[in-house]
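Hi,

Here is the structure I promised to pass on to you. Have a look at it first, and then read my notes below.

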Amino acid sequence: MFTEKERINLILSYGLEDAIELYNKFNAHANEHFFEYKHFSIQLKQKYYLPDKLSLAISYIELCYRNHLSNYDEIIDFFHTLRAIERQVAN
């Protein structure tokens with residue numbers, strides 16, 4: 001439904017604080033999967049010049065989205081909300 005580029009752009013444009021809130025909310029779950037998204041976090045940090053906490057948050061959200069982890073429904077709702085915000089801003 002959302003390409004990687006769309007997801008990253010939506011977060012960077014409309015969901016920075018919300019992305020960090022999601023990451024903090026699922027902190028225990030994020031810690032369990034840390035090694036799975038750490039490498040991607042490094043790539044994002046370099047590509048978009050992101051601070052550590054933000055690159056970790058986005059990477060964790062990406063992992064959940066791509067792998068349909070237990071909080072996938074909340075992650076997909078997050079992206080739909082960001083897309084709705086994007087459409088409202090465009091009008």
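Let's begin with the charges: the protein has 10 positive and 13 negative ones, and the mean positions of the two groups are 6 Å apart. Keep in mind as you read on that this is a predicted model. The average pLDDT of the protein is 91, and 100% of the residues score at least 70. That score is the predictor's confidence in each residue, on a scale from 0 to 100.

What does the protein look like along its sequence? The pattern is α-α-α-α-α-α, with six helices and zero strands. Confidence varies among these elements: helix H6 (residues 72-90) has the highest mean pLDDT, at 96, while helix H4 (residues 34-48) has the lowest, at 84.

Now for the overall dimensions. The C-alpha atoms fill a box of roughly 40 × 30 × 20 Å along the principal axes. A compact globule of 91 residues would have a radius of gyration near 12 Å, and the protein agrees with that because its own value is 12 Å. As for the surface, about 5500 Å² is accessible, and carbon and sulfur atoms own 52% of it. Of the 91 residues, 43% count as buried. There is also a nice number on contacts: among those with a separation of 6 or more, 69% are between residues 24 or more positions apart.

A few residues are worth clicking on. Start with helix H3 (residues 27-32), which holds Ala-28 and also His-29. Which of them is buried, and which is exposed? Ala-28 has a relative accessible area of 56%, so it counts as exposed, the cut-off being over 50%. His-29 comes to 17%, so it counts as buried, since that takes a value under 20%. If you leave out residues up to four places away in sequence, His-29 touches Tyr-60, Cys-64, Leu-69, Ser-70 and Asn-71. Back at Ala-28, try finding Asp-18 too: the two are ten residues apart along the chain, and their C-alpha atoms are separated by 17 Å.

Next, go to Glu-62 in helix H5 (residues 52-67). Is Glu-62 buried or exposed? Its relative accessible area is 0%, so Glu-62 is buried. What does Glu-62 touch, not counting residues up to four places away in sequence? The answer is Glu-4, Arg-7, Ile-8 and Phe-40.

Finally, take a look at two loop residues. Tyr-49 sits in the loop between H4 and H5, and His-68 is in the loop between H5 and H6. Tyr-49 has a phi near 55°, which is a positive value in a residue other than glycine. His-68 is not a glycine either, yet its phi is positive as well, at about 50°. Are these residues buried or exposed? Tyr-49 has 73% relative accessibility, so it counts as exposed. His-68 is exposed too, with a relative accessible area of 52%.

If you want a route through the model, go from His-29 in helix H3 to Glu-62 in helix H5, and then on to His-68 in the loop between H5 and H6.

Cheers

Methods:
Residues are numbered from 1 along each chain as its sequence is written. This is a predicted model: local features need pLDDT of at least 70, side-chain atom pairs count only at pLDDT 80 or more; totals for chains, interfaces and linings use all residues. Side-chain values use heavy atoms; hydrogens and water are left out. Helices (H or I, at least four residues) and strands (E, at least two) are DSSP runs, numbered from the N terminus. The radius of gyration is taken over C-alpha atoms; the globule rule is 2.2 Å times the number of residues to the power 0.38. Buried means under 20% relative accessible area, exposed over 50%, partly exposed in between (1.4 Å probe, protein chains only). Contact means heavy atoms within 4.5 Å. Accessible areas come from the Shrake-Rupley method with a 1.4 Å probe; for residues, only the protein chains shown count as cover. Lys and Arg count as positive and Asp and Glu as negative; His and the chain ends are not counted. The place of a charge is taken as NZ of Lys, CZ of Arg, CG of Asp or CD of Glu.
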